[in-house]
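Here are some notes for a colleague who wants to look over the pockets, ring contacts and backbone details before setting up any calculation. They are best read with the model open alongside.

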Amino acid sequence: MRAFLVVIDSVGIGGAPDAGSYFNDGVPDTGANTVLHIAEACARGEAEDGRSGPLRLPVLDGLGLGRAVELASGTLPPGLGAAPQGLWGAATESSRGKDTPSGHWELAGLPVPWDWHYFPVAQPVFPEALLARVREIAGTEGTLANCHGSGTVMLDRFGPEHLRTGWPICYTSADSVFQIAAHEESFGLTRLLDLCERVAPMLHEMKVGRVIARPFVGAEGSFRRTGNRHDYAIRPPRPILPNWAQDAGREVHAVGKIGDIFSMEGIDHLHKGDDAQLMQHLGDLVDNSVDGALTFANFVEFDSLYGHRRDISGYARALEWFDAELGRLLPRLRKDDILLVTADHGNDPSWTGTDHTRERVPVLVAGRGAGALGHVVFADVAASIAAHLQVESSGSGRSFL
């Protein structure tokens with residue numbers, strides 16, 4: 001009896017009832033729908049870079065993805081809508097925000113108990129006391145950026161000056177986040193990680209959800225981020241799903257950035273890498289993890305490489321890759337295992353702006369037969385995993401299993 005909770009980061013399905021209260025470039029998120037709009041673009045022949053034709057997701061759709069989109073938003077995506085062979089539903093988030101910590105904390109049973117701090121759009125965005133602390137720790141005379149922006153844009157815009165001055169690049173987004181980018185070789189990876197770790201308590205006191213180290217390499221015109229990113233997140237104030245499992249003597253594996261998101265709360269083993277490597281880790285755990293184990297995985301590149309960059313073709317390729325890999329995993333589950341696929345928010349690559357979109361998310365369960373779950377809340381995911389593993393839940397959700 002094992003549980004695999006797999007978050008396909010940002011794969012929203014539209015229909016969030018409060019989407020009008022969230023914005024991208026001043027435009028409300030009302031009508032955003034990550035899966036639907038990708039499927040529609042594919043059907044129109046508008047997602048032909050590296051792939052072609054209608055969106056092909058036979059495994060996810062076979063679990064109920066198309067029907068979940070229809071439930072959430074009222075529209076069945078073109079090419080999806082198979083008769084579900086798994087349990088399927090749509091989850092609505094109650095926490096304020098459309099960011100990584102909010103979604104993951106609530107999926108783990110803990111709706112965020114406070115309002116996150118978000119930095120203003122108007123420049124300069126950061127208080128002088130914070131930048132002074134960054135300069136003090138880094139030993140530099142200044143910092144760069146001090147604005148909102150996409151990470152790759154920040155490198156192109158400020159990377160050359162960073163190489164000349166050695167000043168760290170400090171920026172944010174619509175999320176509750178403070179990001180510091182620095183060159184791994186000229187600035188130093190260890191130095192960057194130390195800077196982020198030491199400045200994080202000040203940000204956490206402000207209720208900023210994460211400080212993210214964003215190392216990069218290369219020269220002007222060819223900068224690229226590396227896989228050595230590290231998130232310094234606020235520690236959850238109450239026990240969450242990994243704690244429940246660990247306290248019951250169950251082995252807990254974190255695949256991807258799960259360990260960072262939860263500050264390693266309740267985590268026994270951490271498995272990191274790019275999405276292809278994470279899939280290999282997940283496959284190894286399906287084959288070899290012990291009875292009773294919980295595996296909590298996040299596949300981030302849907303969001304980081306394609307959603308924020310508004311790359312519909314790339315997002316479609318990533319979905320089709322994941323679908324094929326999932327098809328190889330499911331037959332290897334043991335008789336009493338479950339694998340639950342969900343998401344933490346949306347990031348509609350057809351939408352205006354570059355930020356996440358406020359959406360419902362799919363809940364697709366393999367290993368417990370077929371049927372409609374209807375509308376659930378994020379915290380119900382944690383309660384259901386706990387019920388399957390037969391461990392005590394202290395969260396706000398209710399099991400749908």
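The numbered points below go through this predicted model, beginning with its pockets.

1. The largest pocket encloses about 840 Å³ of space. Its lining is made up of 42 residues, and those closest to the pocket centre are His148, Ser173, Ala174, Asp175 and Asp355. Sorted by class, the residues of this lining comprise 12 nonpolar, 16 polar and 14 charged.

2. As to where the largest pocket sits, its lining takes residues both from domain 1 (2-113 + 237-389) and from domain 2 (128-232), so the pocket lies between the two domains. At least two lining residues come from each of β2 (23-24), β6 (169-172), β7, β8 (210-217) and α11 (301-307), and the largest share, 3 residues, is supplied by β8.

3. For the second largest pocket, the volume is about 690 Å³. There are 29 residues in its lining, and Thr226, Gly227, Arg229, Val300 and Ser304 are the closest to its centre. The class counts for this lining are 7 nonpolar, 10 polar and 12 charged residues. Domain 1 (2-113 + 237-389) and domain 2 (128-232) each contribute at least three residues to the lining of the second largest pocket, while α6 (151-165), β8, β9 (224-225), β10 (230-233), α10 (275-288) and α11 each supply at least two.

4. Is helix α4 enclosed by the rest of the structure or exposed? Of the 8 residues in this helix (residues 100-107), 8 are buried, so α4 is largely enclosed by the rest of the structure. The buried residues in question are Thr100, Pro101, Ser102, Gly103, His104, Trp105, Glu106 and Leu107, a list that includes the charged residue Glu106. Just after the helix, Gly109 adopts a positive phi of about 105 degrees.

5. Aromatic contacts deserve a separate look, since a search of the whole structure returns 12 aromatic pairs. One of them joins Phe119 and Phe178 in a tilted arrangement, with 6.5 Å from centre to centre and 55 degrees between the planes. Phe119 belongs to the loop between α4 and α5 (128-138), and Phe178 to strand β7 (residues 177-183), so this pair ties together parts that are 59 residues apart in sequence. Both Phe119 and Phe178 are buried.

6. Phe262 and Phe296 form another tilted aromatic pair, for which the centre-to-centre distance is 5.6 Å and the angle between the planes is 45 degrees. Because Phe262 lies in the loop between α9 (258-261) and β12 (269-271) and Phe296 in strand β13 (residues 294-299), the pair ties together parts that are 34 residues apart in sequence. Phe262 has a relative accessibility of 0% and therefore counts as buried, and Phe296 is likewise buried, with a relative accessible area of 0%.

7. Ring pairs also link Phe299, Phe302, Tyr315, Trp321 and Phe322 into a cluster. Two contacts between a charge and a ring can be added to this picture. The charged end of Arg191 is placed over the ring of Phe187, at 3.9 Å from the ring centre, and Lys207 lies over the face of Trp114, with 4.8 Å to the centre of that ring.

8. Some backbone details should be checked individually in the model. Which two residues does a cis peptide bond join? They are Gln123 and Pro124, and the omega angle is about -5 degrees; Pro124 is located in the loop between α4 and α5.

9. Positive phi values also appear in residues other than glycine. Ala145 has a phi near 80 degrees and is placed in strand β5 (residues 144-148); with a relative accessibility of 14%, Ala145 counts as buried, because the cut-off for that class is under 20%. Met264 has a positive phi of about 65 degrees and lies in the loop between α9 and β12, the loop that also holds Phe262. At 36% relative accessibility, Met264 counts as partly exposed.

Terms used: Residues are numbered from 1 along each chain as its sequence is written. This is a predicted model: local features need pLDDT of at least 70, side-chain atom pairs count only at pLDDT 80 or more; totals for chains, interfaces and linings use all residues. Side-chain values use heavy atoms; hydrogens and water are left out. Buried means under 20% relative accessible area, exposed over 50%, partly exposed in between (1.4 Å probe, protein chains only). Helices (H or I, at least four residues) and strands (E, at least two) are DSSP runs, numbered from the N terminus. Rings of Phe, Tyr and Trp (its six-membered ring) pair if their centres lie within 6.5 Å; planes under 30 degrees apart count as stacked, over 60 as edge-to-face and the rest as tilted. A charge sits over a ring if NZ of Lys or CZ of Arg is within 6 Å of the ring centre and within 35 degrees of the ring normal. On a 1 Å grid over the protein atoms alone, a cavity is a set of points where a 1.4 Å probe fits but cannot get out, and a pocket is an open set with protein on both sides within 12 Å along at least five of seven lines; lining residues have an atom within 4 Å of a point. Grid points are joined across faces, edges and corners, and a volume is the space filled by probe spheres set on the points. Domain bounds come from an automatic or database domain assignment.
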